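Work through the exercises below with the structure open beside you. Each task is followed by a stepwise solution.

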Amino acid sequence: MTRVDARGLSCPEPVVMLRNAMASGEDAYEIVVDNTVSRENVTRFAEHQGYAVSVAEADGEYTLTLKR
Amino acid sequence: METEVKLTKLASCAGCGAKVGAGTLARLLEGFETRYDPNLIVGYDKSDDASVYVLDENTALVQTTDFFPPIVDDPYLYGRIAAVNALSDVYAMGGEPKLALNIMCVTDAMEKSTVQEILRGGYGAAYEAGAIITGGHTISGAEPIYGLAVSGFVHPQKVLTNSGARPGDVLILTKPLGIGVLTTSAKAGMVDGPVLTRIYDQMAQLNKAARDVMVRFPVHSCTDVTGFALLGHSFEMAQGSGVTVHLQAGRVPFHPEAYDLADMGFIPAGAYRNRDYAEPGVTVKADVSRAMLDLMYDPQTSGGLLMAVGEERSEELLRQLRDAVPCAAVIGYVTDYTENSILIEA
């Protein structure tokens with residue numbers, strides 16, 4: 001599973017990083033962000049691309065697990 | 001060889017998306033003493049676009065300021081858009097801008113010619129508005145900033161505040177939504193050249209023509225739709241006027257490309273701030289898509305005028321507006337307060 005570290009980045013960079021990573025066409029990805037705007041935008045993008053998203057929060061960081 | 005530093009790369013936040021949220025702003029201003037002056041007929045306690053101070057029975061002074069970091073890489077266009085956006089607050093009060101001061105921050109990475117082009121864009125907008133730039137103030141800092149402090153005039157009886165909407169009014173918006181989503185997407189390289197040209201032209205367009213038509217009609221209330229988005233500014237209008245604003249989602253004009261990009265998650269941080277602020281005042285009454293709501297919360301840079309006019313004159317106003325600003329559209333109506341400040345309908 002490809003892991004994308006988008007901590008410290010603001011919109012639209014995390015979405016762009018995930019989009020680039022998705023070029024590999026895997027069925028699962030993990031992406032870490034550290035703000036709610038990125039959490040929402042990444043969730044939207046992943047759902048739009050046909051992935052189900054689950055979010056785990058710890059210490060102000062959000063780990064999003066994407067599966068299809 | 002391309003050695004120039006991209007202006008938008010020097011900015012952490014684009015255009016009106018840099019605006020501090022309305023809720024945060026209200027908390028910052030809490031507890032400050034406001035001085036009463038009978039001639040100050042619109043002050044900062046009203047959350048309006050500009051302050052208005054009566055000088056004599058025929059003249060009131062309109063004052064406002066607006067500035068932001070680069071929203072585009074072309075320095076001339078950036079200067080033009082920032083100035084057009086600042087001048088718009090005077091138009092939103094029904095006034096005419098007359099004097100302006102430059103407000104500027106430059107960084108070490110900026111070439112002299114870049115700074116001059118920004119100013120040239122600002123001067124061009126001011127002159128087109130019939131205003132003159134009489135001076136200004138420039139500092140050096142970490143991020144570029146440009147904008148204007150603008151003074152204008154309006155007849156004291158013809159001031160258009162954001163708190164004058166009346167039950168029975170029809171709401172008209174003069175520019176399509178989606179600027180925040182599209183400028184955010186542009187940073188990700190997701191927007192084609194022709195679409196960029198279209199939104200740049202829109203942001204660079206003064207609200208002068210729309211204002212000049214508006215003042216020929218008995219418009220009750222006006223505001224410009226900028227950083228707080230359609231819903232934030234409508235919320236202020238509804239609250240200030242003590243009415244309910246009904247927005248008809250199916251009639252709200254927007255850039256179609258912005259809809260798809262919002263659906264994909266290219267949503268600026270300012271849109272989330274606007275949602276936090278206005279959502280308690282908004283009730284969605286129809287099956288309106290998530291992306292459409294995003295566009296209604298999307299911060300607009302140099303957005304259009306939102307005006308409330310009696311239903312009987314609304315058709316003629318819209319007809320004349322469309323000669324000047326073809327995208328103008330009726331987007332809703334006003335009733336006595338019922339249920340919530342804003343009801344979103346189909």
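## Exercise 1: Two positive phi values

With 10 C-beta neighbours inside 10 Å, B:Glu339 counts as exposed. The model is a predicted one.

**Task.** Place B:Glu339 in chain B and state its phi.

**Solution.**
1. Locate the residue. B:Glu339 sits in the loop that links β12 (329-336) to β13 (342-345) of chain B.
2. Check the backbone. Its phi is positive, about 75°, although B:Glu339 is not a glycine.
3. Apply the cut-off. A residue is exposed if 12 or fewer other C-beta atoms lie within 10 Å of its own. B:Glu339 has 10 such neighbours, so it counts as exposed.

**Task.** Decide whether B:Ser302 is buried or exposed.

**Solution.**
1. Locate the residue. B:Ser302 belongs to the loop between α10 (290-297) and β11 (305-310) of chain B.
2. Check the backbone. Phi of B:Ser302 is near 50°, a positive value in a residue other than glycine.
3. Apply the cut-off. Buried requires 20 or more other C-beta atoms within 10 Å. B:Ser302 has 31 C-beta neighbours inside 10 Å, so it counts as buried.

## Exercise 2: Chain A

**Task.** Describe the fold pattern of chain A, and say how its radius of gyration relates to the globule rule.

**Solution.**
1. Count the elements. Chain A has two helices and four strands.
2. Put them in sequence order. The pattern reads β-α-β-α-β-β.
3. Turn to overall dimensions. The radius of gyration of chain A is 10 Å, close to the 11 Å that the globule rule gives for 68 residues, so chain A is as compact as a globular protein of that length.
4. Add the box. Along the principal axes, the C-alpha atoms of chain A fill roughly 30 × 20 × 20 Å.
5. Add burial. Of the 68 residues in chain A, 35% are buried.
6. Add contact range. Take the contacts in chain A between residues at least 6 apart in sequence: 57% of them join residues at least 24 apart.

**Task.** Which residues does the cis peptide bond in chain A join?

**Solution.**
1. Name the pair. The cis bond joins A:Cys11 and A:Pro12, with omega about 5°.
2. Place it. A:Pro12 lies in the loop between β1 (2-5) and α1 (13-21) of chain A.

## Exercise 3: Where the chains meet

**Task.** Which element gives the most to the side of chain A that touches chain B?

**Solution.**
1. Count both sides. Twelve residues of chain A are in contact with twelve residues of chain B.
2. List contributors. On the chain A side, α1 and α2 (36-48) of chain A each supply at least two residues.
3. Rank them. α2(A) gives the most, with seven residues.
4. Sort by type. The chain A side divides into seven nonpolar, three polar and two charged residues.

## Exercise 4: The sheet of chain B

**Task.** Trace the strand order of the seven-stranded sheet in chain B, then find what lies across it.

**Solution.**
1. Write the order. The sheet is open and runs β8-β11-β7-β12-β9-β13-β10 in chain B, with mixed pairing.
2. Mark the edges. β8 (219-224) and β10 (282-284) of chain B each pair on one side only.
3. Note the turn. Neighbouring strands are turned by 25° against each other on average, direction ignored.
4. Examine one pair. β7 (169-173) and β11 of chain B run antiparallel, joined by five bridges. In this pair, B:Val170 has B:Val309 of β11(B) as its bridge partner.
5. Add the helix. α7 (229-241) of chain B lies across β8, β9 (243-248), β10, β11 and β13 of chain B. Helix α7(B) runs at about 150° to β9(B).

Definitions and conventions. Residues are numbered from 1 along each chain as its sequence is written. Chains are lettered from A and ligands numbered from 1 in the order in which they are written. This is a predicted model: local features need pLDDT of at least 70, side-chain atom pairs count only at pLDDT 80 or more; totals for chains, interfaces and linings use all residues. The radius of gyration is taken over C-alpha atoms; the globule rule is 2.2 Å times the number of residues to the power 0.38. Two residues are in contact if their C-beta atoms, placed from the backbone, lie within 7 Å. Ala, Val, Leu, Ile, Met, Phe, Trp, Tyr, Cys and Pro count as nonpolar, Asp, Glu, Lys and Arg as charged, and the others, Gly among them, as polar. Two strands pair if DSSP finds at least two bridges between them. Axes are lines fitted to C-alpha atoms, for helices over the stretch in contact, and angles run from 0 to 180 degrees between N-to-C directions.
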